[in-house]
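Student: I would like to go through some labels used for a structure and ask what each one rests on.

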Amino acid sequence: MSTVRLYDKDSHIKEFGSQVVSCVAKGEFYETVLAETAFFPEGGGQPADTGRIDDANVLDVQIREGIIYHMTDAPLAVGSAVVGKLDWEQRLRRMQNHSGEHVVSGLVNRLYGYNNVGFHMGKDDVTMDFDGELNLEQLREIELMANRVVAENVRITARYPSPSALKRMKYRSKLDLESDVRIVTIEGYDKCACCAPHVKRTGQIGMIKLLDFLRYKGGVRIHLQCGLDALDDYNRKYDNISRISCTLSAKQHLTADAVERLVAELSDKKYELAQAKRQIAVMKASQLEPSEANICVFESDMPADGLREIANIGAQICGGVCAVFSGNDENGYNYVIASKDSELSGVAKSINEAVCGRGGGRGTMIQGSAKADRKTIEEFFKNTVIKG
């Protein structure tokens with residue numbers, strides 16, 4: 001016997017009475033079946049409702065062969081009369097998003113002939129996949145039209161047409177359906193096969209906002225939010241832009257220009273800093289004492305190009321290798337090791353074993369990282385003859 005779906009009769013039922021048909025323990029939870037329910041089971045890209053049945057929390061709802069199962073955290077007596085209460089805020093937000101998706105999908109289909117081939121209502125937003133590409137200008141046009149549909153406050157209805165009426169009807173559907181098909185109609189704009197509850201008029205959707213889009217499987221994936229979720233998203237972004245505006249002392253509508261200027265200035269400063277560090281590296285390299293053996297140098301904070309500069313210059317005035325390390329014992333070291341004319345790739349493994357390191361290279365230079373302490377590293381290069 002199928003469960004009576006109250007949400008089909010009225011999507012705005014928040015509280016209802018029913019009778020417990022069965023309640024079976026399933027691990028830590030209970031599969032509870034009611035004679036009738038307003039809880040929507042997961043389906044059509046929309047997550048399941050949550051809420052309460054008497055004192056038991058409803059954590060998930062699923063449908064199998066027409067029977068709706070409520071996953072509750074406490075048992076309910078079979079045959080008892082119970083009261084179900086939906087998490088209405090959650091349901092309303094989902095209906096706003098789902099109805100908004102129908103408006104957008106209907107417009108895309110009408111204007112460009114593209115089909116909605118994927119729909120997912122996630123925690124952060126809703127995604128829609130279409131089988132054709134759309135650009136930013138087209139999406140802006142669709143967004144404006146969708147919000148005009150909201151302003152018109154047209155009716156949204158759901159019904160099960162007869163098989164004969166269904167055959168004559170033109171509607172959107174991802175599946176080839178023949179019977180027990182529920183058609184959701186947005187008057188004048190869309191007809192679509194859908195099992196989920198929707199708001200009753202487009203005005204209840206609130207704002208429809210397309211957040212982002214990207215090419216996906218030969219078509220386009222669109223991210224959107226509607227209604228209260230869109231308001232929350234706006235407030236989060238407003239708070240962020242307000243902080244940026246204050247930090248940069250720029251008006252909110254000019255923050256992008258201010259950030260671009262700041263990034264350009266930062267890039268210039270990074271270049272100047274790199275040049276200064278290179279000059280420091282050259283200066284330090286010029287102070288190295290020639291040696292018949294290896295030269296081992298430690299720097300507290302030197303970028304990779306500075307290490308290479310010192311290693312290359314040092315390699316010319318020593319009989320072995322010039323090994324330059326940057327870092328400290330606590331966090332480890334980065335290194336560059338160079339030779340005047342010896343191939344070092346063959347000895348990289350033995351060097352890494354000695355300094356607890358990882359790295360390698362080709363020709364007369366290798367580079368990597370080391371975890372050994374400074375004393376161990378210095379002793380190794382002091383007492384070891386390194387030849388490629």
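The exchange below takes up a sheet, the helices on it, and the cysteines.

Tutor: Keep in mind that this is a predicted model.

Student: What makes S14 and strand S15 a pair?

Tutor: A pair needs at least two bridges between the strands. S14 and S15 (residues 219-226) have eight bridges, in the antiparallel sense, so they pair. One example is Phe-213, whose bridge partner in S15 is Ile-222.

Student: Why are S9 and S14 called edge strands?

Tutor: The open sheet has four strands in the order S9-S10-S15-S14, with antiparallel pairing. Strand S9 (116-121) and strand S14 (208-216) each pair on one side only. From one strand to the next, the twist averages 20 degrees.

Student: Which strands does helix H2 touch?

Tutor: Contact requires heavy atoms within 4.5 Å. Helix H2 (residues 88-112) touches S9, strand S10 (126-130), S14 and S15, and its direction makes about 140 degrees with that of S15. Helix H5 (residues 227-248) also packs on the sheet, touching S14 and S15, at about 90 degrees to the direction of S15.

Student: How do you know that Cys-356 is in no disulfide?

Tutor: The two sulfur atoms would have to be within 2.5 Å. For Cys-356 the nearest cysteine sulfur, that of Cys-296, is 14 Å away, so the pair does not meet the cut-off. The count by this rule is zero disulfides.

Student: Why is Cys-246 called exposed, and Cys-356 partly exposed?

Tutor: Exposed means over 50% relative accessible area, and partly exposed lies between 20% and that value. Cys-246 has 62%, so it is exposed. Cys-356 has 48%, so it counts as partly exposed.

Methods. Residues are numbered from 1 along each chain as its sequence is written. This is a predicted model: local features need pLDDT of at least 70, side-chain atom pairs count only at pLDDT 80 or more; totals for chains, interfaces and linings use all residues. Side-chain values use heavy atoms; hydrogens and water are left out. Helices (H or I, at least four residues) and strands (E, at least two) are DSSP runs, numbered from the N terminus. Axes are lines fitted to C-alpha atoms, for helices over the stretch in contact, and angles run from 0 to 180 degrees between N-to-C directions. Buried means under 20% relative accessible area, exposed over 50%, partly exposed in between (1.4 Å probe, protein chains only).
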